[in-house]
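Me: I am new to this structure and would like a close look at one part of it, the place where two helices pack against each other. Could you walk me through that part and then set it in its surroundings?

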Amino acid sequence: MSDTAVRRGTPARHTDRHTDRDARRTAPGPGPLTHTAVMTARALRISSRNTDALITSLALPIMLMLIFVYFFGGAIDTGTDYDSYVMYVVPGVLLLSAGFGAATTATAVSEDMKGGIIDRFRSLDVGGTPVLAGHVAASTVRNLCATALVFGVALLIGFRPAASWSGWLLVGVVLVAYIVALSWISAAIGLLARTPEAASGFTFFMSFLPYPSSAFVPTDSMPGWLHGFADHQPITPSIESLRGLLLGQDMGSTPWIALAWAAGMLAVAIGASGTLFRIRTR
């Protein structure tokens, strides 16, 4: 027995019990990475239960690709040497799919803010960054599944990529960078919107960006006032990079321009998300 226990006539095991309890109180809790992993698993479970939104985000890009290839493909002249329109349109559909998939992040974040679950997380010492990062990570997983599905359907209808191993690697980097950047932007929109319905409406404009680009027709065919915007918006270099890399063409600095756009959007979105989260949870 300890000297303190002998003097006070207290059993040693009672002292040890207090010591163990104090040690548990001062022991460090789970770190941010553990919190992020838990929040990611939570967001994926919520996605699996929201089957309507999941099916829409997977099916809509495929339907659009089939419509463009079989309904409009024969009438669209891309002014290129591609064997068929499907060889031209697939990169645009991939990014369109990423936009639709990332848009659900805004709704999910808005629902968390409205439902009061954030207060519960904060009482458990879970910060805002792991919560938002969990939604972004889940969005990335969903989008990669949708990308694989779009690729599979594209192969069935005649898409024949000719990328090298390094080309495939750079395609993956550009796609993931674009998906993560869009997902963080959606998270910021979810914090900005006051209702899930408003968040869904705001993300429509983000999902619209692939249309005024080179996704479905060359930008040269657009009116002059639109041509400049289409050439210098962030989606166009990403689409051009994916198209050239998948077809085994030398793209020069275009992929790095696309990655610079993604890095810029990501930095702005993360900064805005942190500020908005602090404002909403005061």
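Reply: Happy to help; here is a walk through one helix pair, followed by the chain around it.

A word on the basis first: this is a predicted model, in which local features need pLDDT of at least 70 and side-chain atom pairs count only at pLDDT 80 or more, while totals for chains, interfaces and linings use all residues. Residues are numbered from 1 along each chain as its sequence is written, and side-chain values use heavy atoms, with hydrogens and water left out.

Let us start with helix 5, residues 85-115, and helix 7, residues 128-156. Helices here are DSSP runs (H or I, at least four residues), and strands are runs of E of at least two, numbered from the N terminus. The axes of this pair lie 9 Å apart, at an angle of about 150 degrees. Such axes are lines fitted to C-alpha atoms, for helices over the stretch in contact, with angles from 0 to 180 degrees between N-to-C directions. Helix 5 and helix 7 are therefore roughly antiparallel, a label for angles over 145 degrees, whereas under 35 is roughly parallel, 65 to 115 roughly perpendicular and the rest oblique. Their crossing is right-handed, meaning that the near helix is turned clockwise from the far one by less than a right angle.

Which residues meet? On helix 5 they include Val90, Leu94, Gly101 and Asp112, and on helix 7 they include Leu132, His135, Arg142 and Phe151. Contact means heavy atoms within 4.5 Å. The residues of this contact divide into 13 nonpolar, 8 polar and 2 charged. Ala, Val, Leu, Ile, Met, Phe, Trp, Tyr, Cys and Pro count as nonpolar, Asp, Glu, Lys and Arg as charged, and the others, Gly among them, as polar.

Now for the surroundings. The chain has 12 helices and 0 strands. Of its 282 residues, 45% are buried, that is, under 20% relative accessible area with a 1.4 Å probe, protein chains only (exposed is over 50%, partly exposed in between). Among contacts between residues at least 6 apart in sequence, 78% join residues at least 24 apart.

One loop residue is worth a stop too. Proline 212 sits in the loop between helix 9 (196-207) and helix 10 (224-232), and counts as buried because its relative accessibility is 10%. Beyond its neighbours within four places in sequence, proline 212 touches Met222, Leu226, Phe229, Ala230 and Gln233.
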